[in-house]
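Hi everyone, thanks for coming. Please pull up the sequence and the model on your screens, and we'll walk through the fold together.

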Amino acid sequence: MSENWNSRTKLVHGGTRRSQYNEVSEAIFLTQGFVYDTAEQAEARFVEIGEDEFIYGRYGNPTVAMFENRIAMLEGGEDAFATASGMAAVSGALTSLLKAGDHVVSAKALFGSCLFILEGVLARYGVEVTFVDGTNLDEWRAAVRPDTKAVFFESMSNPTLEVIDVAAVAEIAHAVSATVVVDNVFSTPVFSKAIEQGADLVIYSATKHIDGQGRALGGVIIGSKELIRGTVEPYMKHTGGCMSPFNAWVMLKGLETIDLRVRAQAESALKIATALEGHAALERTIYPGLPTHAQNALVQSQLDGKGGTVLSLDLKGGKDAAFKFLNALTIPVISNNLGDAKSIATHPATTTHQRLSDEQKDDLGITPGLVRFSVGLEDADDLIADLSQALQVAQS
């Protein structure tokens, strides 16, 4: 029956496991291990773990399993593995798939830590990585080879908000039997259907919209049961990147309201972007939901017309103007997270993407004046007024 539920019902009830006490809210099983009735039962469980059986917190936990089942149900995947953070999910997914001598093709527009995994970790251990302009399908076709093992990209890039055609890249990759790994954070599990569009593994930093209230770190890898339990789980359970039961409980509570929150945030983001587009203090307003965005047609087909919860503002006057703008804000906070109930402003060039060279920043469009703005749940008119006054200060 649950497979026929609509998304909001899945987000409230999916994957629920009740104890003998029949609690309403999901229980937090704060235990590192589990007890066996007999030595024979312990032996049997280490040979094969049943659906409602657990061995050790690093291998699985009832609260964590509820979160994994619920997010997999929402995303349309067969299974999921919850991780300690979003970067644990990225590194776990890629490292579990790859070995020395393998070839990976990746979009070059990536979060700084993702670039570190590809350039600083995988390449160090003998994985060959080719970077392409993720929006250019001809570059994907030219880079993917018969021996390509995987492709990796952010479906909506951080912080310049380029949108990549998931279905088209998946078709190119699958033609050589490469695994398609998609970081889907900016597209959100509310608007994106990346698995339906051809992704084999979908990654979320649950720290962002899934928690959505700045409380806990977490990540998750979603895909087929074969990939999750046969490839991802053996690596993750032995290297220790699992999610804690308490954080899983926080994420379960976040999933109950994510649909309502993200839709409200995206509605406000479009209203704000529309109000600020063409402002005299701005070189450009970047928001995928705007008709002027280069991939807006793809947003209509791939994301049901929703541009997400984040916009980027490129201020005239570079870093000095950006810092004046940030310091003049009264409602949003200056931080480096996103997808939160509170609006958050970030200067990527000096924070999240500061490790990139000036040449890389220029190539990706991360200018000194660029500010990433994650829209929260405040009143959109209040945010427009505050952003507008801060832009006036930046011009002074």
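**A walk through the two sheets**

Let's start with one pair of residues: Ala150 stands opposite Thr179, which belongs to strand S5. Before I go on, please keep in mind that this is a predicted model. That pair sits where strands S4 and S5 meet, and these two run parallel, joined by 5 bridges. Packed on the sheet here is helix H7, residues 166–174, which touches both S4 and S5. The direction of H7 makes about 170 degrees with that of S4.

Now zoom out a little. What is the order of the strands in this open sheet? Reading across, the order is S1-S7-S6-S5-S4-S2-S3, so to speak a row of 7 strands, with mixed pairing. At the edges you find strand S1, residues 79–83, and strand S3, each pairing on one side only. On average, neighbouring strands of this sheet are turned by 20 degrees against each other, if we ignore direction.

Next, have a look at helix H5, which spans residues 112–122. Its buried residues are Gly112, Cys114, Leu115, Ile117, Leu118, Gly120 and Leu122. What do they pack against? Their partners are helix H4 (86–97) and four strands, namely S2 (103–107), S3 (128–132), S4 (148–154) and S5 (179–183).

Let me stay with Gly112 for a moment, since it is found in this helix, H5. Its relative accessible area is 2%, and because the cut-off for buried is under 20%, Gly112 counts as buried. Leaving out residues up to four places away in sequence, Gly112 touches Thr352, His353 and Arg355. For a sense of distance, take Arg215, which is 103 residues from Gly112 along the chain: their C-alpha atoms are separated by 23 Å.

**Helix H3 and its partner**

Moving on to helix H3, residues 62–75. On the sheet side, H3 lies across S1, strand S6 (201–205) and strand S7 (219–223), and runs at about 130 degrees to S1. H3 also meets helix H10: the two axes come within 8 Å and cross at roughly 35 degrees. The crossing of H3 past H10 is left-handed.

Who makes that contact? From H3 come Thr63, Val64, Met66, Phe67, Arg70 and Ile71. From H10 come Pro245, Ala248, Trp249, Met251, Leu252, Leu255 and Glu256. Sorted by class, the contact has 10 nonpolar residues, 1 polar and 2 charged.

**The other sheet**

The model has another open sheet, with 5 strands in the order S8-S9-S12-S11-S10 and, once more, mixed pairing. The edge strands in this case are S8 (282–286) and S10 (333–334), each with pairing on one side only. Helix H10, residues 245–276, packs on this sheet and touches S8, S9 and S12. The direction of H10 makes about 20 degrees with that of S9.

Let's go across it strand by strand. S8 and S9 (residues 310–315) run antiparallel and are joined by 4 bridges. One example is Arg284, whose bridge partner in S9 is Asp314. S9 then pairs with S12, in the antiparallel sense, over 5 bridges. On the other side, S11 and S12 also run antiparallel, with 3 bridges between them.

Phe373 of S12 deserves a second look: it is the bridge partner of Leu311, and it is the bridge partner of Ala345 as well.

Is S12 enclosed or open to the outside? In S12, 5 of the 5 residues are buried, so the strand is largely enclosed by the rest of the structure. In a regular strand, side chains alternate between the two faces of the sheet. Here, Leu370, Arg372 and Ser374 lie on one side, Val371 and Phe373 on the other, and all are buried.

Close by in our tour is His347, in the loop between strand S11 (344–346) and helix H13 (358–364). His347 is buried, with a relative accessible area of 5%. Beyond its neighbours within four places in sequence, His347 contacts Lys319, Ala322, Phe323, Leu326, Pro368 and Leu370.

**The whole chain**

To finish, the overall picture. The chain has 14 helices and 12 strands. Its radius of gyration is 21 Å, close to the 21 Å that the globule rule gives for 396 residues, so the chain is as compact as a globular protein of that length. Of those 396 residues, 55% count as buried. Thanks, everyone!

Definitions and conventions. Residues numbered from 1 in each chain as written. Predicted model: local features only at pLDDT ≥ 70, side-chain atom pairs only at ≥ 80, totals over all residues. Heavy atoms only, no water. Pairing = 2+ DSSP bridges. Contact = heavy atoms within 4.5 Å. Axes fitted to C-alpha atoms, helices over the stretch in contact; angles between N-to-C directions. Left-handed = near helix turned anticlockwise from the far one by under 90°. Nonpolar A, V, L, I, M, F, W, Y, C, P; charged D, E, K, R; others polar. Buried < 20%, exposed > 50% of the residue type's maximum accessible area, 1.4 Å probe, protein only. Rg over C-alpha atoms; globule rule 2.2 N^0.38 Å.
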